[in-house]
Amino acid sequence: MPSFKLDDKEIAFEPGDTIIRAAHRAGVDVPHYCWHPGLSVAANCRMCLVEVMPPPGRPAMMLDVLAWDDLHQTYVPQKKPKLQPACQQAAADGMVIKSQTSEHAVKARSAVQELLLLNHPVDCPICDQAGECRLQDYWLEHQASKKRMKDEPVHKPKGVVFGPTIVYDAERCIMCTRCVRVSAELAKDPVLSMRERGNLNEITVAPGRQLDHAYTLMTEYVCPVGALTSSDFRFKARVWFLRSARSTCVGCATGCSSFTDFDPRSQKVYRYRPRENAAVNKYWMCDDGMLDYQRIHQGRVLEARIKGEGVSDGVALEKAAELLKGAAPQKTAVVLSAEHSNEDNQALLDFAKALGALQIYYTGRPQGQGDDILRSADKNPNTAGVLAVSGGKAKPFTDLVGAIKDGKVSVLVALGSAIGNPNDAGALKDVKAFVALSTHDGPIADHAAVVLPASSWAEADGTFVNRTGLRQESDRAINPQGQSRPAYRWVQELAKLLSLSLPWKKVSELRAASAAEAPAATPSAPPPGGE
Amino acid sequence: MEPLDQELDAAELELPTEPMLLNVGPAHPAMHGTVRIVMELSGEIIERCDVQVGYLHRGFEKMCERGTWTQVFPYVDRCNYVSPMLNNVGFALAGEKMLGITVPERCQWYRMILGEMARISDHLTCDGAMAMELGAFTPFLWMIKCREMVWEVMEEETGARMTHSFGRIGGMAAPPTDGFKDHVRAVVKHIMQVLDEVERLLLGNRIFLDRLENVGVISAEDAISLGWTGPCLRAAGVPYDVRKAHPYLKYGEVEFDVPVGSTSDSFDRFMVRIAEMRQSARIIEQCLERMPNKGPVNVDDPRIILPPKEEVYSTIEGTIQHFKIVMEGLKLPAGEVYSYTEAGNGELGFYLVSDGSGTPFRVRIRPPCFLVTAGLERVITGQMMADVVPSFGSLNMIGGECDR
């Protein structure tokens, strides 16, 4: 494998790599604003300038410059090497490159950073990006000097609404064009562009348009400064109070790797961020997925209910056990949920086996819009997982509707909240002994005689199998809310009351069991990287 | 006259031979903070004793691991709260040793002046309290009044009488005030006069001398093996002073003597402190002369020192600098350091471990008091019960420093 030397570190690269890409892969950071591994090269921020040493025996390309001489208070002619942007310069075998060790590169970066801050407003205290802002990080690392400009900075539009999700601040913008490239290259909707020149530069939306494609929040995510802010997250939280859990998006069957950012003090989730995963979502997530965190706190079932009335856990469990006691096995049905993790489904399946129930169905959220970028039309995170766990025996919800009408089902235990076709909800009315384990309000919770509040995906560890059969784990972020518990815990309690024995005691055993049931060509997701 | 017990058998006169267990503290007025002494008495003689610290446990070393390096200053203030400035400077020097920086000259003199003032306040308190505990209330009032004057100087400079939190890694929170030198000169002059008067009051007093001389003796070998430092060690005749042995700041450039004792009793410890206050005054005088009136106090490195407030509010560079230092903290390079200075009670050491982040990985303090208090058992064993108070007082245990 060919390699080059960066600051005395040998870095291997693949043919066609640029310097920064090879360094990035090797875990060496060359400072940059405009370059992003998932986007084309713009080479406009000039932060990644490096000094490429000439091949042996060849002279370096030198530029004539005027340098200020403090001693004689005058400009004197000097020579300095021509620096190259590491993001655009293709790597060549045996190259010798100086980044932090080149005085010229260090000086150039300091100058670039100073110019980027020249007209920057004093916004850190009110800026959502503060705490994760490249301008702040790089000022300390590469500039660390005071303001020299005495003039009034150039003022530009602030708080420009780009669309339903994004607000733009031109004064904070450094014109790296990452947002322009995300729109054009990821969303295939070149709705953003840059207008004017020099310090009057600003990003604009195409005339007559809004920034409203399905990946608008990625423009905010790639923005290295606080120029683009999400109207959803704007002014809601300060990032240094948030902690991150590695999670898997449950918005659709794609199962993008994400971070769940939550405030440990208030136990509230504030946002998702994409987590780099080459096998699934690369660097990105869609808007629907990014905003899907809201469901963790909205429309939740947070207390146990009997016929719609809130009751304590114990009372609800007693009632549920009473309904299930002595149920005729052939008239007992269990509904699995593609919204829930393998663990929850496996637990319910084991419960069904212990109960002797013979009819297994599954349900989930209705179909939605998909595209060929990331979004899947199947809006359930674990359809593949449910089918694998049940060994393909689970039948769709429509079959249950038929079975209820035919009077074949008198006792029903259902996991989940939504059903595929809202018109089918009416059939559930006819089931007398109906116990539901629901996270959210919906047709299932509405019609059940007993509802036990289940924890959402953010409140328990879980495994989800995406549409390509990839099994991915999602970590718990916050504590279970209200009276909710993970569904498998409810199942465990119910089994205890009914004196049924389940083949597992700990979650780890449950997870191992579900993994054994669903081996279907599923290597666990590769170790996720990301920022 | 014939003895009264002439007729009686000697054995019948013996008092019961079982030792009496006496528990003093942790909440006892003579215990100078929360320490407990369990004594086994034979009559009035202490046969054995057990000194127990640990009733004051704030866990401040652990608390340090939660904030930034700068946020440690309020904690060290509360170690020896009679001379917090010495702790402040000691910790600042440890951080600076790790960063490999030296503060500007003006700051070094400034730190020395404030530090020696703090030392005077420390010794005034100890000697004053010793006198009071032996019934001499007047010197106590005089000395505490002097200490109040020292604290007025501190308040003028730092805004707080006791817990200043005034040190910073890389400098001080603020430069000296305009009237600083005159104020210090006036105060030190007055204190020296009061010291003379205190000596006249006490050193001719038979009761005072009898209670202290040849009481609470400890050998130099014992003191060294216990890890004693400071005035208590010097009273045992060992001339070890960090300021002389390992000069820091500008101590190598000023003239002062290290007073030592000869008999290592409570009286020597009292006198060493009196003499050290006079030496401190000497040092202060030299520092005042040599401290420049103008010039920077803090190092010129935006990674370490906060920008002036007007820059924070008006320029983005200042805002970022402020944000980085306040939110993430200044970053000490990964590694470890042991830095030690002469505090009021001896060698105050800070052992710092940094993982390169803005938060301390480990802060370990070597409080001089803790080791001196460990020797109390040896000092009072074999003494009369009543001698515990002056002996214990002469060690100057400060509860906050014994935090374990």
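This text walks through a predicted model, from the whole of chain A to one of its helices and then to a sheet and a helix pair in chain B. Local features are given where pLDDT is at least 70, side-chain atom pairs count only at pLDDT 80 or more, and totals for chains, interfaces and linings use all residues. Residues are numbered from 1 along each chain as its sequence is written, while chains are lettered from A and ligands numbered from 1 in the order in which they are written.

Chain A has 531 residues, of which 47% are buried (20 or more other C-beta atoms within 10 Å of the residue's own, against 12 or fewer for exposed and in between for partly exposed, with C-beta atoms placed from the backbone). Its C-alpha trace extends about 100 × 50 × 40 Å along the principal axes. The secondary structure of chain A amounts to 13 helices and 25 strands; these are DSSP runs numbered from the N terminus, helices being H or I with at least four residues and strands E with at least two. Contacts are pairs of residues whose C-beta atoms, placed from the backbone, lie within 7 Å. Among those in chain A between residues at least 6 apart in sequence, 67% join residues at least 24 apart.

Within chain A, helix α7 covers residues 313–324. Its 12 residues should span 16 Å at 1.5 Å a residue, and the end C-alpha atoms are 16 Å apart, which agrees; the expected span is 1.5 Å times one less than the number of residues. Which residues of α7(A) are buried? They are Ala316(A), Leu317(A), Ala320(A), Leu323(A) and Leu324(A). These cover an arc of only 125 degrees around the axis, so they lie on the same side of α7(A), the arc being taken over the directions from the helix axis to the C-beta atoms. An α-helix has 3.6 residues a turn, so residues three or four places apart point the same way. After α7(A) comes Gly326(A), with a positive phi near 70 degrees.

In chain B, three strands form an open antiparallel sheet in the order β1-β2-β3, where pairing requires at least two DSSP bridges between strands. The edge strands, each paired on one side only, are β1 (20–24) and β3 (45–52) of chain B. Strand β2 (residues 36–42) of chain B pairs with β3(B) over 7 bridges in the antiparallel sense, and Leu41(B) stands opposite Ile46(B) in β3(B).

Also in chain B, Ser266(B), Arg269(B) and Phe270(B) in α12(B) meet Pro390(B), Ser391(B) and Ser394(B) in α17(B).

Terms used. Two residues are in contact if their C-beta atoms, placed from the backbone, lie within 7 Å.
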